[in-house]
Amino acid sequence: ASDVYKRQMKRPVGVDHGVDLLELEPVRCVAWQESVDGNVIIERPRPPVRGLRGLLDRANWLVTPRRIRLDELGSFAWRRLDGVTKVRTLAGVMREAFPDSRHQIEERLGVYLRAMRRLKVIDFPKLEEPR
């Protein structure tokens with residue numbers, strides 16, 4: 001059992017291994033709108049049905065909220081995910097805009113971007129390109 005665990009730990013998972021997240025340029029992939037209070041509401045995409053995993057993803061999509069309501073920091077970041085702005089630049093702008101949170105912005109932004117990618121609402125177009 002320990003060999004299986006070790007193999008799973010070595011398997012690359014998305015952006016987490018060997019890629020400098022700060023150099024990537026994330027882009028939005030789904031419809032969104034602003035609420036009355038100025039925060040962003042994201043429409044979660046319907047997952048494709050491909051095999052058993054696809055059926056499970058679709059069932060999960062049906063029982064979970066179809067809209068994601070972002071807080072002030074998340075909304076601020078979302079508006080700047082244009083496929084041109086690097087994460088490093090975005091973190092700098094966010095440190096200036098939210099001075100009370102400046103010491104945790106990069107970590108929080110990294111967690112946010114990984115979660116948004118996992119939900120398939122953003123993508124990193126240059127992630128797959130050879131360097």
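Does V49 count as buried, partly exposed or exposed, and what is its relative accessibility? V49 has a relative accessibility of 43%, so it counts as partly exposed, since that class lies between the 20% and 50% cut-offs. Let's place this residue in the chain before coming back to its surroundings.

**The model as a whole**

What you are looking at is a predicted model. The average pLDDT of the chain is 82, and 83% of the residues score at least 70. Residues 1-16 call for some care, with a pLDDT below 50; in the model this stretch has 9 contacts beyond near neighbours in sequence.

The chain contains 5 helices and 5 strands. Read from the N terminus, their order is α-β-β-β-α-β-α-α-α-β. Among contacts with a separation of 6 or more, 65% join residues 24 or more positions apart. Of the 131 residues in the chain, 31% are buried.

Here are the elements whose residue ranges matter for the rest of this report.

| Element | Residues |
|---|---|
| β3 | 40-43 |
| α2 | 51-63 |
| α3 | 72-79 |
| α4 | 87-97 |
| α5 | 105-118 |

**The surface around V49**

V49 sits in the loop that links β3 to α2. Together with L52, L55 and L56, V49 makes a nonpolar surface patch of about 410 Å². For the chain overall, the exposed area is about 9,100 Å², and carbon and sulfur atoms supply 52% of it.

**The interior**

Now for the inside. The largest nonpolar core has 27 residues, and the members that touch the most others are I42, W78, L109 and Y112. Two or more residues of this core come from each of β3, α3, α4 and α5. With 5 residues, α5 gives the largest share.

I42 is a good place to start a tour of this core, being one of the members with the most core neighbours. Leaving aside residues up to four places away in sequence, I42 touches V30, A31 and W32, then R66, R67, I68 and L70, and also W78, M116 and V121. W78, another of those top core members, is thus found among the contacts of I42.

Helix α4 deserves a look of its own. Its buried residues are V87, L90, A91, G92 and M94. Which elements do the buried residues of α4 pack against? They pack against α3 and α5, and both of these helices also give two or more residues to the largest nonpolar core.

Terms used. Residues are numbered from 1 along each chain as its sequence is written. This is a predicted model: local features need pLDDT of at least 70, side-chain atom pairs count only at pLDDT 80 or more; totals for chains, interfaces and linings use all residues. Side-chain values use heavy atoms; hydrogens and water are left out. pLDDT is the predictor's confidence in each residue, from 0 to 100. Contact means heavy atoms within 4.5 Å. Helices (H or I, at least four residues) and strands (E, at least two) are DSSP runs, numbered from the N terminus. Buried means under 20% relative accessible area, exposed over 50%, partly exposed in between (1.4 Å probe, protein chains only). Accessible areas come from the Shrake-Rupley method with a 1.4 Å probe; for residues, only the protein chains shown count as cover. Patches are made of residues with over 30% relative accessible area and no salt bridge: like charges are joined within 9 Å, nonpolar side chains (Val, Leu, Ile, Met, Phe, Trp, Tyr) within 5 Å. A salt bridge is a side-chain nitrogen of Lys or Arg within 4 Å of a carboxyl oxygen of Asp or Glu. A nonpolar core is a set of buried Ala, Val, Leu, Ile, Met, Phe, Trp, Tyr and Cys residues joined through side-chain atoms within 4.5 Å.
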